[in-house]
2 protein chains.
Amino acid sequence: MLTIDYANCLNDRVPSHGLDAASIAAGSPSAQEATRLTASLEKTRNTGWERWRGLPHDPMRGAHVSAVKRVAHECAGKFDNMVVLGIGGSALGNIALQSALNPFTHNLMDGGKRQGPRLFVVDNVDPAYLGSVLAYCRATDPKLERTLFNVVSKSGETAETAAQFMTIRAMLIESLGQARHAKNIVAITDPEKGTMRSICDSQGYTTLPVPEGVGGRFSVLSPVGLFSAAMCGIDIDGLLDGAAAMDKRCRVADLTKNPAAMLATLLVRLGRENGKVNHVLMPYANSLYLLADWFRQLWAESLGKLHDKGGRQVFAGFTPIKALGTTDQHSQVQLYREGPNDKVFGLMEVESFGAGDMTIPSGLGVEAIEYLEGKKYSVLLNAEKRATEYALVESHRPNFTIRWPKIDAHHVGEFIWLWQMATAYAGLMLGIDAYDQPAVETGKKATFGLMGREGYSEWNDKVGSTLRRTDFVV
Amino acid sequence: MLTIDYANCLNDRVPSHGLDAASIAAGSPSAQEATRLTASLEKTRNTGWERWRGLPHDPMRGAHVSAVKRVAHECAGKFDNMVVLGIGGSALGNIALQSALNPFTHNLMDGGKRQGPRLFVVDNVDPAYLGSVLAYCRATDPKLERTLFNVVSKSGETAETAAQFMTIRAMLIESLGQARHAKNIVAITDPEKGTMRSICDSQGYTTLPVPEGVGGRFSVLSPVGLFSAAMCGIDIDGLLDGAAAMDKRCRVADLTKNPAAMLATLLVRLGRENGKVNHVLMPYANSLYLLADWFRQLWAESLGKLHDKGGRQVFAGFTPIKALGTTDQHSQVQLYREGPNDKVFGLMEVESFGAGDMTIPSGLGVEAIEYLEGKKYSVLLNAEKRATEYALVESHRPNFTIRWPKIDAHHVGEFIWLWQMATAYAGLMLGIDAYDQPAVETGKKATFGLMGREGYSEWNDKVGSTLRRTDFVV
């Protein structure tokens, strides 16, 4: 199972920049708070916007897994390309699962070697980006018969996804005809209401649900993330088993035994008491790097709040930053050690790369690099991680290590659940609503205004007068 | 040409979080400082570690371009795969140029459609990552006859690159024989001395120079970045023309006419006077996203310094953060608007996507999203950018826009030069050495110790005692 080693967050190691060990020991105010919050979270479990907490357990789990597997089975062998159209919580989980659990070269592989179709998650409306993916699909599949489009949008009104959907629908109808085109679209959307729901009903698209009470950034273990994963051969039962195992650990009232409560306590306290407001997640494994993008949304959008629940202005939140070891040792570590001491570093270490590990060959015989001969790559990678941990401690920069025994679906499920639960704890500690995102509304309305949507012309005027041209251009 | 619109960094727009317009006007202390620093930079131009400033001009330019083109010409048509082995400044520029100027699907395309070989830049020692790339090369080219390895290391002693080199050398010798294997390696290294230099001389590898006085993070427009670019059909003359054009603008003594001096003034002053210590670069174009990784190294490693030149502890530096529009509107903008007001946002807007632009089709006829019908994708993308700019201003978050007329080699060259020159200005403003990286030495030595390199055993002991095991694990 995943473990968190937090010795380097304590003042013994990083004097005056960490926490006192006594302040998180049994009986401490932090331990008492954790016990109280664990009890509070038991009460809200599976209610309101905490219905995501039911995802790894029956009845939600059984219903979703069987629906996902049924649709994946119907689609199996029929498609060479799969294009997910979604953005934010409708994309980041899909990308993270694919990059964590399938080879970096998945899309390059021949159909025989690849697990399922090539996967493209197009989470933007950049025409060059979308255009290049669609052109590639057409080059390999001129009529788009073997290209599946997976539209992910609860409402169907997210501008980016709506635009993409309109494009691929028109392409499919032109190529395959109105009657046939529906077979190449699977939509994941609200099961009952909304714009996309009515489109699906009228056009006859296969659908899977965005479950009620599960917000976008908590939806990766719902059909939103599971369908593309299942299509590409990822063990979705393993993901959910891992999540369920972590869930059990995160319901324990003892702070020192509860990974999510401890993670939230460390990060919230180091953020508020020690000014460590930037939270870096730095895996030493390329395949885990894009999990950090999923974490970025979860942590930023859940905790970044102007008001607390009492309506006071608090400007809460921490800035999540993704980094990659060893790569960013040659890019960011100079700053991390010598720049402002305003960060906590979450390092991630993988104990075993299994059969994929490699040995550095002997025989070059050049003295300066001879020490590498015959060593495993994993040994070098983890030595660099440990050296960086040491260097950070030397500079009094608090850090912790999430240790992965290996990278597989079970541990990815644990990781996802750990952070989702830590977010729930952190939201309570900060006294904010971790489940809303009020600040994104302004931009949506301003976009409507600028795009000429009826009823929003005042927003066009507001933007125009606020951002009128000046000479402050160089 | 690229322009910077900085109206949203001024207190008229972001009250008490920006700068006063008068404080950067002609005659202001900032304008006087810029004039002084421009003169100072004229004196250090092309000396010491500022020899990178000669890269877009003859004689350096002519010598490098002809050498790069000669080797690229010798290699043309002979290789299907090109694997760059390097890390940090030996990789980030290559990645940035390729993703900015070739299609997202470059590696997926058939040889006939692709400009040059598939390009893999393997900047880590994760065995799963390196292994997947090598396995893919072998799957398409079992004897590796048509796979070119481009080793980039000034010294040859960077552990990551050395390990990779040892692996691919052994593979090539096994497959092609000692005599033949040298034809599949091009090394970019010190022209005169060092471990890699002697290996190249003894093995007969083709080499290109890492020029003297050009540090890794300032090397993208040297052979380090230009060779893989040229191999993949990128217009390297265009890159250098763009850099030269920007160089001219960045030598003007008038702050309001000098983009690099203005950028440095804004970011350093907002950082020091207003606490905007996190510097976000957020392009609204997928192809520009990885330029932000190149920027991350340049800004972090150059400016993140414990001591100023007078030896005082200053903990200088700003944390560079990469984001992507519109994608991160659905992930980070909630935090950016409502969380701590500790950031400056550098938005990037592309005016024209040229022939690659697409139109959102009409005909779906669903009222809630009808406003999108018939609109260009670029119009939607830029409306979202403008809406975000408006939303940031509403929340008093300082931001500026770098406007690109279009994405091509010339403008990428301008962009690179703009930031390199801004870094030189910012280093002087902060009074630090922008060209060293003393803090990475500790980690290197600790790695040597942990890996058993002779002469470093004390480091193994230091790490062991500092990071001894505790019970602070959950």
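In this predicted model, the largest nonpolar core holds 327 residues, and the members that touch the most others are Tyr425(A) and Tyr425(B). Looking at the chain B copy, and setting aside neighbours within four places in sequence, Tyr425(B) is in contact with Leu37(B) as well as with a set of alanines, Ala260(B), Ala261(B) and Ala264(B).

Now for how the two chains sit relative to each other. A turn of 180 degrees, with a shift of 0.0 Å along the axis, lays chain B on chain A with an RMSD of 0.0 Å. That is the relation of a two-fold axis. Within chain B, Leu108(B) has the C-alpha nearest this axis, at 3.1 Å from it. As for the interface, 100% of the interface residues of chain B are interface residues in chain A too, so the copies meet through the same surface.

Inside chain A, one helix pair can be picked out. Helix 3 of chain A, residues 92-101, packs with helix 8 of chain A, residues 223-231, at an angle of about 35 degrees, and their axes lie 8 Å apart. The crossing of helix 3 of chain A past helix 8 of chain A is right-handed. On the helix 3 side, the contact is made by Gly93(A), Asn94(A) and Leu97(A), while helix 8 of chain A brings in Val224(A), Gly225(A), Ser228(A) and Ala229(A). Sorted by character, the residues of this contact between helix 3 and helix 8 of chain A come out as four polar and three nonpolar, with no charged ones.

Definitions and conventions:
Residues are numbered from 1 along each chain as its sequence is written. Chains are lettered from A and ligands numbered from 1 in the order in which they are written. This is a predicted model: local features need pLDDT of at least 70, side-chain atom pairs count only at pLDDT 80 or more; totals for chains, interfaces and linings use all residues. Copies are superposed by least squares on the C-alpha atoms of residues with pLDDT of at least 70 in both. Two residues are in contact if their C-beta atoms, placed from the backbone, lie within 7 Å. Axes are lines fitted to C-alpha atoms, for helices over the stretch in contact, and angles run from 0 to 180 degrees between N-to-C directions. Helices (H or I, at least four residues) and strands (E, at least two) are DSSP runs, numbered from the N terminus. A crossing is left-handed if the near helix is turned anticlockwise from the far one by less than a right angle, and right-handed if clockwise. Ala, Val, Leu, Ile, Met, Phe, Trp, Tyr, Cys and Pro count as nonpolar, Asp, Glu, Lys and Arg as charged, and the others, Gly among them, as polar. A nonpolar core is a set of buried Ala, Val, Leu, Ile, Met, Phe, Trp, Tyr and Cys residues joined through C-beta atoms within 7 Å. A residue is buried if 20 or more other C-beta atoms lie within 10 Å of its own, exposed if 12 or fewer, and partly exposed in between; C-beta atoms are placed from the backbone.
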